[in-house]
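User: I would like to learn how to read a few features from a structure. Please give the general idea each time, then the case at hand.

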Amino acid sequence: MRGLTREPSFLLDCVRRFLQPDTPLALPPDLDWARLGALAREHAVAPLVYWTLHGCADALPPAVVEQFHQSFRETARVNLALSAELAKLLTLFAHAGIEVLPLKGPTLAQTLYGNLALRAFADLDLLIRPRDVLPAKKLLESNGYALTSRLHWPAESACFRARESQLSFADASGVSVDVHWRLLPDYVPEAFDEEQVWSGRRAVPLAGVTARTLSRERLLLFLCAHGAKHLWERLGWICDFARLLQVETEIDWPWVFAEASRTGTSRMLAVGLLLATGLLGAAPPPGASADPEARALAKAIRERYLDGAPIPVPALEAARLSLRMFERTSHRLRYVLGSFFGPSEAEYRALRLPPPLYGFYYVFRPLRLAARYARHVTGL
């Protein structure tokens, strides 16, 4: 695999150059530009690569410059449209008396990059309180959105059994909205007390409205937990974290470290910091530390990236790495129970059971997974 690392390495150099403009950027010979473009899109950093390469366009093939330029313009078009839609939705929710906290997407692009075109995103993520899930569903459906999540049964109670603690919607134009009532699924440990987000928000101006989003410290912990959940498989997530460390100069680090220690997520935080500082040159915060397991995980993720490993991480490899990411036995147990026994939409598609028989899904899922892995091993 090491012979395939030229494009991942150069992609990393481009992102590092964006974050640190004084960093030298050498164009390697015989670079596969098509593969570089595909990697940039897969890792959600194509706008940053264009921004970096635009400064040395004279040394690049004109077709390559045009390809990245077209991709950048398309990202800008999509992001502006999604930002306008988010502003409309925030107004609708406010009129309905439903508090909403936008996650990632436009607010993160505005907060971290100051330019909506510089961060690729494809949908809108909204956090609401559990009590507002059904009113939010009705509000979206009355405004042209249809539920795209697969429920185990057509009943309101089935909405709250969504494994990821979210419901997905889409409108006729293809805009996708994910409504969350938890920042992360319950099989992933909370990085902080989620009830506190509603009293510790900050304002972000966006498309003519004011969006309320996570405070800088909670955003930092959320990005770390989200990255850990997905094993930091996309470079764009590491870049977001590194950019946060770069632009937010007043982070209350004693509170961050204390909260991570209280919630048992210090290792998840340490891995994020090691990746941001080691891969992208972010400055380490005062008081940062990492246990040997966090260092081993950061090394494994770095090597996986440089080897051009597939996204998403294969299921068994993801399970092994995830179990190492958690420092408490209770968190590992929660992950195993939630991942291997907690029913997902795949089970709902394969078997439709009425609410009184819902418990059978906890038997059906491991049986279905075992059959799938057996077919994979035997090649049948």
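Analyst: What follows is a walk through sheets, hairpins, backbone angles, cysteines and empty space.
This is a predicted model, where local features need pLDDT of at least 70, side-chain atom pairs count only at pLDDT 80 or more, and totals for chains, interfaces and linings use all residues. Residues are numbered from 1 along each chain as its sequence is written, and side-chain values use heavy atoms, with hydrogens and water left out.

User: Start with the open sheet. In what order do its strands stand?

Analyst: Strands of a sheet pair through backbone hydrogen bonds, either parallel or antiparallel. Here five strands form an open sheet, ordered β1-β2-β5-β4-β3, with mixed pairing. Strands (E, at least two residues) and helices (H or I, at least four) are DSSP runs numbered from the N terminus. Two strands pair if DSSP finds at least two bridges between them.

User: Which strands stand at the edges, and why is one side of each left without a neighbour?

Analyst: The edge strands are β1 (101-103) and β3 (145-147). Each has a single partner strand, so one side lacks a neighbour in the sheet. Neighbouring strands of this sheet are turned by 30° against each other on average, direction ignored. That angle uses axes fitted as lines to C-alpha atoms, for helices over the stretch in contact; angles run from 0 to 180 degrees between N-to-C directions.

User: How many bridges join β4 to β5?

Analyst: Five bridges join β4 (residues 166-171) to β5 (residues 176-180), and the two run antiparallel. In this pair, F169 stands opposite V177 in β5.

User: What should I look for in the faces of strand β6?

Analyst: In a regular strand the side chains alternate between the two faces of the sheet. In β6 (residues 202-206), R202, V204 and L206 make the covered face. A203 and P205 make the uncovered one. β6 pairs with β7 (residues 209-213) in the antiparallel sense, over five bridges. A203 stands opposite R212 in β7. The two strands form a hairpin with two residues between them.

User: Which residue in that turn has a positive phi?

Analyst: Most residues other than glycine have a negative phi, and most peptide bonds are trans. A207 in the turn has a positive phi of about 50°. D30 has a positive phi too, near 55°. It is found in the loop between α1 (6-19) and α2 (33-42). S165, in the loop between α7 (156-159) and β4, has a phi near 55°.

User: Are D30 and S165 buried or exposed?

Analyst: Buried means under 20% relative accessible area, exposed over 50%, and partly exposed in between (1.4 Å probe, protein chains only). D30 counts as exposed because its relative accessibility is 71%. S165 counts as buried because its value is 6%.

User: Where is the cis peptide bond?

Analyst: It joins I311 and P312, with omega about 0°. P312 is found in the loop between α12 and α13 (315-325).

User: How many disulfides are there?

Analyst: A disulfide is a covalent bond between the sulfur atoms of two cysteines. The test is a pair of cysteine sulfur atoms within 2.5 Å. The structure holds zero. For C224, the nearest cysteine sulfur, that of C239, is 14 Å away. C224 is buried, with a relative accessible area of 2%. C159 is buried at 1%.

User: Now empty space. How many cavities of 30 Å³ or more are there?

Analyst: Rolling a probe the size of a water molecule over the atoms shows where empty space is left. On a 1 Å grid over the protein atoms alone, a cavity is a set of points where a 1.4 Å probe fits but cannot get out; a pocket is an open set with protein on both sides within 12 Å along at least five of seven lines; lining residues have an atom within 4 Å of a point. Points are joined across faces, edges and corners, and a volume is the space filled by probe spheres set on them. The structure holds seven such cavities. The largest has a volume of about 110 Å³.

User: What lines the largest cavity?

Analyst: There are 14 lining residues, and W232, E233, I301, R304 and Y305 lie nearest the centre. The largest share, three residues, comes from α12. By class, the lining has 10 nonpolar, one polar and three charged residues. Ala, Val, Leu, Ile, Met, Phe, Trp, Tyr, Cys and Pro count as nonpolar, Asp, Glu, Lys and Arg as charged, and the others, Gly among them, as polar.

User: What is the volume of the second largest pocket?

Analyst: About 300 Å³. Of its 17 lining residues, R163, D186, G342, P343 and Y362 are closest to its centre. Helix α14 (residues 329-340) gives the largest share of the lining, three residues.
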